[in-house]
Amino acid sequence: MTRHQKRLSVPKSWPVERKTATWTVKAGAGPHGEAGVPLLIILRDVLGYVDSRKEANYALNQGGVLVNGDVPSSVERPIGMFDILSFGDREEFYRVFPDEGGRLALTPIDADAAGSRLGKIVRKTQVTGGDVQLTLHDGANVRVDAGTEYATGDSLVIDNEDKEIVAHFVYEEGALVTAVAGSHAGEVGTVEEITVTPGSGDNVVTVTQDDGGFETVEDYVVVIDENFTEGGDDE
């Protein structure tokens, strides 16, 4: 299997120039599906911390790079929305977040904020024993007690060390949200109305802002809190 990917065919969310060269790195198996950007691209092309795959592998082997508190197993590990990148030796920390063009960008955060990450609940299923399994937008699963009041569309803050839930943001009218895809990607506002579309159509969310607002489909919004927009602690 090739390690390369044609630049012209990469997802629009990838922060790469498409016409400067023919090939780029291919993402390995892992979180975020096809939208995940290989870690090597972040280290080499975005941050400029390494010049080659060999240097990136060395950095990983030395434990100089953490993703959501863990040492990645490969430089091809997909990096996506809301992942936390930590560079302890540099004392630099970043949250992956879409910019206004919908491309994934790195937002500097402080060390406290880097201790947890945000996840949107995209599926809720009952598992053996009666517990409930919550599946997050990046494919991670969180198991909770039956009867716990978590719903699809809500957001959770997960501690990167013990993987426990440390905060819960409910998806409802009045909630603070950010758009993560579509023409309003990167914008933040408050949910004014959630319009449920009959049948198989997408529900529509009306979001208000100080200088106006916008409408988008439900799948494109994620509930956050005020600290998230300031690069501070999510708790």
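**Strand pairing and nonpolar cores**

Thr195 has Val204, in strand 16, as its bridge partner. The model examined here is predicted. Strand 15 covers residues 188-195 and is joined to strand 16 by five bridges. The two strands run antiparallel.

This pair belongs to an open sheet of five strands. Their order is 17-16-15-14-18, with antiparallel pairing. Strand 17 (212-217) and strand 18 each have a single partner strand and stand at the edges, so one side of each is left without a neighbour in the sheet. From one strand to the next, the twist averages 45°.

Strand 16 also takes part in nonpolar packing. In soluble globular proteins, nonpolar side chains tend to be buried together. The largest nonpolar core in the model holds 22 residues. Those touching the most other members are Phe82, Leu118, Phe169, Val177, Val205, Val223 and Phe228. Two or more residues each come from strand 13 (165-169), strand 14 (176-179), strand 16 (204-209) and strand 18 (221-223). Residues are given to this core by both domain 1 (5-114) and domain 3 (175-228), so the core lies between these domains.

A separate, second core contains 21 residues. Val37, Ala56, Val67 and Leu104 are among them.

Val205 shows the surroundings of one residue of the largest core. Leaving aside residues up to four places away in sequence, Val205 touches Tyr171, Val191, Glu193 and Phe214. Glu215, Thr216, Glu218 and Val221 are also touched by Val205.

Methods: Residues are numbered from 1 along each chain as its sequence is written. This is a predicted model: local features need pLDDT of at least 70, side-chain atom pairs count only at pLDDT 80 or more; totals for chains, interfaces and linings use all residues. Side-chain values use heavy atoms; hydrogens and water are left out. A nonpolar core is a set of buried Ala, Val, Leu, Ile, Met, Phe, Trp, Tyr and Cys residues joined through side-chain atoms within 4.5 Å. Buried means under 20% relative accessible area, exposed over 50%, partly exposed in between (1.4 Å probe, protein chains only). Helices (H or I, at least four residues) and strands (E, at least two) are DSSP runs, numbered from the N terminus. Domain bounds come from an automatic or database domain assignment. Contact means heavy atoms within 4.5 Å. Two strands pair if DSSP finds at least two bridges between them. Axes are lines fitted to C-alpha atoms, for helices over the stretch in contact, and angles run from 0 to 180 degrees between N-to-C directions.
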